[in-house]
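Subject: Structure handover

Hello,

Here is the structure for you to take over. My notes on it follow below the display.

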Amino acid sequence: EIEMKALVKGFLFTLSCSLSFALYFHQGETEEKCIIEDIPGDTLVTGRYKMQSWDFATHGFFPSAPGLGLVVKIKGPGEQILLHKLYGPESHFTFHSHSPGEHYICLSSNSSKLAVFAGEKLRINLDIQVGEHTNEAPLDGAKDTMNDVQKIIHHLIGQMQYINKQQDYQRAREEKFRQVSEWTNNSILWWAIIQTTILLTMGVWQMKHMKNLFIAKKLV
C-alpha cells in the first residue's frame, strides 16, 4: 500500500508539473506587461507572484517591493474583463475561464509617479497553475493513510478532467483549422478558374477583334 501511495504521488507530481509554468521578467515602474495563455473553457487558473524592486546600492533586487502593489488584469477572448484587482507585492490571484481561447494576464504596479520620474526597475516572479487544483495540496500532512490516498485520487481526477478539457479544446481548434484550410484551398481553386476564364475570354475577344480589323482594312 505504501509503494502504491508513493507511485501515485510520483505520477501526480509529474502530472502537476506539466500543467503549470513559472517564469520571471523585468519591467518598468509604470509599465504594463501581458502574458498570453491559451486556456480551455470552464477552467480554474491560479497565479502566484512576488514583486521585487531594484536596489541601486547593491545592484540587485530587494526581497520585496515595499510601498508598491500589483494590479492584475485578466482579459478573456472577446476582450471581456475576467479580473481587475489590486494586490500586495506578494500574493496570489485566481480566475475562471468561461470560454476557450487566448487569455491575457496583464501585470503592472500601482505606482502613481509620472513616467519621467518613475525609473525604478521591477522583477516579477510568476507561477501559473492551470487546472482545478494546485500542486501544493497538503498530501504529506495527513495522518490517516486512506484519507491521504483519497486526497491524492481526488487531486488526480481533477487534473485528468483538465486534460480532457484541454484535449477537447485542441480537437476543436484542429477542426476549425481544417475548415479554414479547406475554405482557403477552395477559394484558391475557384480564383484560378475565374482567372483562366477571364484570360480565355479576353484572348477570344482579341482574336475576333483583330480578324474584324484585318477584314475592314482588306488585309485578308
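**His96 and its surroundings**

The side chains of His96 and Asp42 make a polar contact at 3.1 Å. Please keep in mind that this, like everything below, comes from a predicted model.

His96 belongs to strand 7, which covers residues 90-97. Its relative accessibility is 31%, so His96 counts as partly exposed; the buried class would require a value under 20%. Apart from neighbours within four places in sequence, the residues in contact with His96 are Asp42, Thr43, Leu44 and Leu82. Asp42 is therefore on the contact list of His96 and also its side-chain partner in the polar contact. A further spatial relation links His96 to Thr46: the C-alpha atoms are 8.9 Å apart, while the two residues are separated by 50 residues in sequence.

**Overall make-up**

The protein contains 2 helices and 9 strands. Read from the N terminus, the order of elements is α-β-β-β-β-β-β-β-β-β-α. Of the 220 residues in the protein, 29% are buried. If you take the contacts between residues at least 6 apart in sequence, 74% of them join residues at least 24 apart.

**The open sheet**

An open sheet is formed by 4 strands in the order 2-8-5-6, with antiparallel pairing. Its edges are strand 2 (32-39) and strand 6, each of which pairs on one side only. From one strand to the next, the twist averages 15°. As general background, strands of a sheet pair through backbone hydrogen bonds, in either a parallel or an antiparallel sense.

Strand 5 (residues 70-75) pairs with strand 6 over 6 bridges, in the antiparallel sense. Strand 5 also pairs with strand 8 (residues 101-109), again antiparallel and over 6 bridges. Ile74 has a bridge partner in each of these strands: Leu83 in strand 6 and Ile105 in strand 8. For Lys75, the bridge partner in strand 6 is Ile81.

Strands 5 and 6 form a hairpin with 5 residues between them. Gly78, in the turn, has a positive phi of about 85°. As for burial, 5 of the 6 residues of strand 5 are buried, so this strand is largely enclosed by the rest of the structure.

**Aromatic pairs**

There are 4 aromatic pairs in the structure. One of them joins Tyr49 and Tyr87: the ring centres are 6.5 Å apart and the planes stand at 75°, which makes the pair edge-to-face because the angle is over 60 degrees. Tyr49 is in strand 3 and Tyr87 in strand 6 (residues 81-87), so this pair ties together parts that are 38 residues apart in sequence. Both Tyr49 and Tyr87 are buried.

Tyr87 also pairs with Phe93, here in a tilted arrangement, with 6.4 Å from centre to centre and 45° between the planes. Phe93 is buried, as is Tyr87. Taken together, Tyr49, Tyr87 and Phe93 form one aromatic cluster.

**Gln52 and charges over rings**

Gln52 is in strand 3, which runs over residues 43-55. Is Gln52 buried or exposed? With a relative accessibility of 9%, Gln52 counts as buried, because the value is under 20%. The side chain of Gln52 reaches the backbone oxygen of Phe62 at a distance of 2.9 Å.

Leaving aside neighbours within four places in sequence, Gln52 is in contact with Phe61, Phe62, Pro63, Ser64 and Ala65, and also with Lys121, Leu122, Arg123 and Asn125. Phe62 thus appears on the contact list of Gln52 as well as supplying the backbone oxygen that the Gln52 side chain reaches.

Two of the residues in contact with Gln52, Lys121 and Arg123, also lie over aromatic rings. Lys121 lies over the face of Trp54, at 4.3 Å from the ring centre. Arg123 lies over the face of Tyr24, at 5.0 Å from the ring centre.

Regards

Terms used:
Residues are numbered from 1 along each chain as its sequence is written. This is a predicted model: local features need pLDDT of at least 70, side-chain atom pairs count only at pLDDT 80 or more; totals for chains, interfaces and linings use all residues. Side-chain values use heavy atoms; hydrogens and water are left out. Buried means under 20% relative accessible area, exposed over 50%, partly exposed in between (1.4 Å probe, protein chains only). A polar contact is a pair of N or O atoms within 3.5 Å; within protein, one must be able to donate a hydrogen and the other to accept it, and residues adjacent in sequence count only if both atoms are side-chain atoms. Contact means heavy atoms within 4.5 Å. Rings of Phe, Tyr and Trp (its six-membered ring) pair if their centres lie within 6.5 Å; planes under 30 degrees apart count as stacked, over 60 as edge-to-face and the rest as tilted. A charge sits over a ring if NZ of Lys or CZ of Arg is within 6 Å of the ring centre and within 35 degrees of the ring normal. Two strands pair if DSSP finds at least two bridges between them. Axes are lines fitted to C-alpha atoms, for helices over the stretch in contact, and angles run from 0 to 180 degrees between N-to-C directions.
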